[in-house]
Amino acid sequence: MVSIDLFRDGMARLTGAVNVITTDGPKGFAGMTATAVCSVTDQPPTLLTCINRSSYAHAIFSGNGVLCVNVLAAEQQEVARLFADRNVTMPERLTQVAHEHLLTGSPALSGALVSFDCRITQQQSLGSHDLFICEVQAVKIGNSAAGLTYFGREYHAIGLPALASAIG
């Protein structure tokens with residue numbers, strides 16, 4: 001069996017888009033930074049995300065049954081840090097970032113590359129996490145041309161403007 005540390009070191013070399021997953025509803029608001037998001041199918045439009053069951057936010061996401069995957073733009077590193085900071089309460093996180101509510105009521109963050117507003121249709125446990133299978137109800141495309149990625153335990157910009165500034 002591979003050690004947890006070796007697995008984590010290996011996963012640090014897997015580039016991932018930086019997302020803030022949000023929810024709002026009868027169980028309240030929750031939001032967290034995550035890279036564990038991927039497309040499942042386009043018929044119906046479906047994606048998945050993974051949330052640790054020991055996380056305070058897990059019960060809120062599960063109870064609300066809805067979420068929004070906000071794919072962050074390159075200039076949103078501070079937003080990623082804010083939603084990853086365990087010393088900032090859930091309500092404080094939401095009040096510090098402009099947002100709007102799409103169909104499900106989950107916050108779509110202003111400035112995101114894209115926001116996928118979803119209804120959770122399935123939930124499956126695997127190890128320490130639950131996989132949330134989510135059917136996309138609405139999509140809001142943002143204006144930024146550069147995305148935020150996470151590689152080597154650091155944030156990096158990717159996209160045409162990021163490449164132009166790196167070359168010039």
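This passage describes a predicted model, with attention to its sheet, two buried residues and a surface patch. Because the model is predicted, local features require pLDDT of at least 70 and side-chain atom pairs count only at pLDDT 80 or more, while totals for chains, interfaces and linings use all residues. Residues are numbered from 1 along each chain as its sequence is written, and side-chain values use heavy atoms, with hydrogens and water left out.

Seven strands form an open sheet in the order β3-β2-β6-β9-β10-β5-β4, and their pairing is antiparallel. Strands (E, at least two residues) and helices (H or I, at least four) are DSSP runs, numbered from the N terminus; two strands are taken as paired if DSSP finds at least two bridges between them. The edges are occupied by β3 (30-34) and β4 (37-42); each has a single partner strand, so one side of each lacks a neighbour in the sheet. From one strand to the next, the twist averages 30 degrees. Helix α3 (residues 77-84) lies across β2 (19-23) and β3, and runs at about 120 degrees to β3. Axes are lines fitted to C-alpha atoms, for helices over the stretch in contact, and angles run from 0 to 180 degrees between N-to-C directions.

Within the sheet, β6 is joined to β9 (residues 114-126) by six bridges, and the two strands run antiparallel. Val66 lies in β6 (residues 66-71), and its bridge partner in β9 is Arg119. Val66 counts as buried because its relative accessibility is 12%; buried means under 20% relative accessible area, exposed over 50%, and partly exposed in between (1.4 Å probe, protein chains only). Beyond its neighbours within four places in sequence, Val66 is in contact (heavy atoms within 4.5 Å) with residues including Phe61, Thr104, Ser106, Cys118 and Ile120.

Ser106 is placed in the loop between β7 (99-101) and β8 (107-109). With a relative accessibility of 0%, Ser106 counts as buried. Apart from neighbours within four places in sequence, the contacts of Ser106 include Val66, Leu67, Cys68, Glu100 and Asp117.

On the surface, Val2, Leu6, Phe7, Met11 and Leu14 form a nonpolar patch with about 520 Å² of accessible area together. Patches are made of residues with over 30% relative accessible area and no salt bridge, like charges being joined within 9 Å and nonpolar side chains (Val, Leu, Ile, Met, Phe, Trp, Tyr) within 5 Å. A salt bridge is a side-chain nitrogen of Lys or Arg within 4 Å of a carboxyl oxygen of Asp or Glu. Accessible areas come from the Shrake-Rupley method with a 1.4 Å probe, and for residues only the protein chains shown count as cover. Val2 is found in the segment before α1 (4-11) and, at 53% relative accessibility, counts as exposed.
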